[in-house]
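This report describes the sheet, the helix packed on it and the charged side-chain pairs of one protein chain. The sequence and the model are shown first.

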Amino acid sequence: MAPSSVATAKTGSQLQNLTAASARGGIDDVETAVWNWQTPAAPGAAAPQLPATAVAAPTPAPTATRKQPNIVLLAGALMAGLVVLLISGFALALKMGSRHPHSAPATNPAHVGASHTDLPVVSGNMTGNVTTTAEVVSSTTTTMTTTTTMTTMTPRSTTVAGASGASLRGAVKCYNLYSQLNMNPLQKYPNNPDSEAFGFATCKLCTNGTAHCTSLLHGGKSDLIASHIHLAEGPDADGSRSEGPPVINFCGSNAQGLILDGADYAAPCVQWTDGAAHNKDMVGVLVPNFNRGLTAAQRVEDVVKRPHMYYFNFHSLASWNHWYPKPHGMARGVLVLQGVELEL
């Protein structure tokens, strides 16, 4: 065999051994092996050539490895796009459906405005907050409905006016009256110790049955035992020259043997002091025996209607003893109406 053929055969055998070693040790080992193999060559010798089969075999492997990740990435991108599309569609569907709870309560234009005002506050979980907003709008609607009911009801001014009108119609009317007291000709008798008595009385009679009088007398001496408002009776009667029964009692004595008309006197009369007797704020009591079928209000109204038929009369013990058993009194005066008052 020629030397070149032997060298070539040897070189091919060594290359196969190196290729096998590179398969077991990796590309770095191949380069090392090739480097080690090229080192003994003579300076002028021709560089050995690797067989075509040995060089071309490793080339397709990296190409197949690079194409596979690109396909995976493309598939992943498509899947991500589908997920984003589905999420966007689902969010749009929720947003479209969430508009219905706001439109339902808006039966009143004012309420619609209120709900639109609350919309910018919604954030975070759309469904949960929409429900919460709907509840707030519902409570606001209830409050506004209550306010509207109060507004449409009768105003306070009208109610007060109505109550005031009722009070005016049912108000207690009080009448102020005056009586100038002097000895009346019907009261004269000889040796009368009270013949110089005089004075006045002011009275306030109310339709609720209350009556009060204040009197101031001068010039008398005998004890004061009774005072009344009398109603004059008889043809052509009047309070200045006629007589009649007591209809309202004021101060007096409830002792037996004195002037008792069936109604107790509220308090005894104040007696003379230094020639004067001041009976302040005497309480009046309606005499049932002489007011049959009449209420206190009706009696007061009759006094006001015809005051000239009534007179205020004081009785003294001396006059009672003289005129017993029919009292005429010591000093009297016809009633005069002075004014009216309203007490609520």
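A salt bridge is a side-chain nitrogen of Lys or Arg within 4 Å of a carboxyl oxygen of Asp or Glu. The structure is a predicted model, in which local features need pLDDT of at least 70 and side-chain atom pairs count only at pLDDT 80 or more, while totals for chains, interfaces and linings use all residues. Residues are numbered from 1 along each chain as its sequence is written, and side-chain values use heavy atoms, with hydrogens and water left out.

**Confidence**

The predictor's confidence in each residue is given as pLDDT, from 0 to 100. For this chain the mean pLDDT is 73, and 58% of the residues reach 70 or more. In residues 50–59 the pLDDT is below 50, and this stretch has 4 contacts (heavy atoms within 4.5 Å) in the model beyond near neighbours in sequence. Residues 61–65 likewise have pLDDT below 50, with 0 contacts beyond near neighbours in sequence. Where pLDDT is low, the predicted coordinates should not be read in detail.

**The sheet and helix H9**

Helices (H or I, at least four residues) and strands (E, at least two) are DSSP runs numbered from the N terminus; two strands pair if DSSP finds at least two bridges between them. An open sheet is formed by 9 strands in the order E6-E3-E2-E1-E9-E8-E4-E5-E7, with antiparallel pairing. Strand E6 (276–283) and strand E7 (285–286) stand at the edges, each with a single partner strand, so one side of each has no neighbour in the sheet. Helix H9 (residues 296–305) packs on the sheet and touches E1, E2, E4, E5, E7, E8 and E9. The direction of H9 makes about 55° with that of E1; axes are lines fitted to C-alpha atoms, for helices over the stretch in contact, and angles run from 0 to 180 degrees between N-to-C directions.

Three of the strand pairings can be followed residue by residue. Strand E1 (residues 172–182) pairs with strand E9 (residues 331–343) over 9 bridges, and Val 172 has Glu 343 as its bridge partner in E9. Strand E8 (residues 310–316) also pairs with E9, over 4 bridges; here Asn 313 stands opposite Arg 332. Strand E2 (residues 198–206) and strand E3 (residues 211–218) share 8 bridges, and Phe 200 is partnered by Leu 216 in E3.

**Salt bridges**

The whole structure contains 4 salt bridges, including those tabulated here.

| Salt bridge | Closest N to O |
|---|---|
| Asp 238 – Arg 241 | 2.7 Å |
| Arg 299 – Asp 302 | 3.9 Å |
| Asp 302 – Arg 306 | 3.1 Å |

Arg 299, Asp 302 and Arg 306 are linked in a network. Both Arg 299 and Asp 302 lie in helix H9, 3 residues apart, about one turn of the helix.

Burial is judged by relative accessible area: buried means under 20%, exposed over 50%, and partly exposed in between (1.4 Å probe, protein chains only). In the network, Arg 299 is buried at 5%, Asp 302 is buried at 18%, and Arg 306 is partly exposed at 30%. In the other tabulated pair, Asp 238 is buried at 11%, whereas Arg 241 is exposed at 56%.
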